[in-house]
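This briefing introduces one protein structure to a reader who is new to the subject. Please keep the sequence and the 3D view at hand while reading.

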Amino acid sequence: MNNVSLVGRITKDLELRFTKSGMSYCKFTLAVNRQFKKEGQPEADFLNVTVFSKQADNLANYMSKGSQIGVNGQIQTGSYEKDGQRVYTTDIIAQNIQFLEGKKDTQQQAQPQQQVSNQFVQQQGLPQQQQG
């Protein structure tokens, strides 16, 4: 089974694009905090995510840089040649996006958004991140 559930923040403003056949899609990077901290500072992984169709439309319309979202999807690996070297890639193909806060909420960083995030994590059966 190839299934991944993530909670993180969008790292830059979203740009909606279209395939040659007219299907909308959006590629973005999701910053996901790790469970542990290094020297008191949280570490994050930056994961490339692609979402298609209506979910891409909604994401581009209602979310922006810094918005917290939940992503369910699949891991997809690939490779390409660059300057004679093989470069390997790992991407997340999103099947479902859940908005955990909106554009306006991103600036406020209020406690209710953390509660929504925790609810998403609990629903997915993921271990909760420790605060502090």
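The following points describe the overall make-up, one helix, the salt bridges and two backbone angles. The model is predicted. The protein has 132 residues, and its secondary structure consists of three helices and six strands.

**Overall make-up**

- Read from the N terminus, the order of the elements is β-β-β-β-α-β-β-α-α.
- Of the 132 residues, 32% count as buried, a class that requires a relative accessible area under 20%.
- The accessible surface amounts to about 8,800 Å². Carbon and sulfur atoms contribute 45% of that surface.
- Among contacts with a separation of 6 or more, 59% are made by residues that lie 24 or more positions apart.

**The two sides of helix 1**

- Helix 1 covers residues 53-62, and its buried residues are Ala56, Leu59 and Ala60.
- These buried residues lie on the same side of helix 1, because they cover an arc of only 95 degrees around the axis.
- Lys54 and Asn61 are exposed, and they are found on the other side of helix 1.

**Salt bridges**

- The whole structure contains five salt bridges. Among them are the pairs described below.
- Arg17 and Glu15 are joined by a salt bridge between their side chains, with an N to O distance of 3.7 Å.
- This pair satisfies the criterion because a salt bridge requires a side-chain nitrogen of Lys or Arg within 4 Å of a carboxyl oxygen of Asp or Glu.
- Arg17 counts as partly exposed, with a relative accessibility of 42%. Glu15 also counts as partly exposed, at 49% relative accessibility.
- Arg34 forms a salt bridge with Glu43, in which the closest N and O atoms are 3.0 Å apart.
- Arg34 also meets Asp45 in a salt bridge between side chains, with an N to O distance of 2.6 Å.
- The pair of Asp45 and Arg34 links distant parts of the chain, the two residues being 11 residues apart. Asp45 belongs to strand 4 (residues 41-52), whereas Arg34 belongs to strand 3 (residues 24-38).
- Asp45 is partly exposed, at 30% relative accessibility.
- Through shared partners, the salt bridges join Arg34, Glu43 and Asp45 into one network.
- Within this network, Arg34 is partly exposed as well, with a relative accessible area of 28%.

**Positive phi angles**

- Most residues other than glycine have a negative phi. The two residues below have a positive phi.
- Ser53 is not a glycine, yet its phi is positive, at about 60 degrees. Ser53 is located in helix 1.
- Is Ser53 buried, partly exposed or exposed? With a relative accessibility of 33%, Ser53 counts as partly exposed.
- Asp83 is likewise not a glycine, and its phi is positive, at about 55 degrees.
- Where does Asp83 lie? Asp83 is in the loop between strand 5 (68-82) and strand 6 (85-99).
- Asp83 counts as exposed because its relative accessibility is 77%, and the class begins over 50%.

Conventions: Residues numbered from 1 in each chain as written. Predicted model: local features only at pLDDT ≥ 70, side-chain atom pairs only at ≥ 80, totals over all residues. Heavy atoms only, no water. Buried < 20%, exposed > 50% of the residue type's maximum accessible area, 1.4 Å probe, protein only. Helix = DSSP H or I, 4+ residues; strand = E, 2+ residues; numbered from the N terminus. Arc of directions from axis to C-beta. Contact = heavy atoms within 4.5 Å. Areas by Shrake-Rupley, 256 points an atom, 1.4 Å probe, with all protein chains shown as cover.
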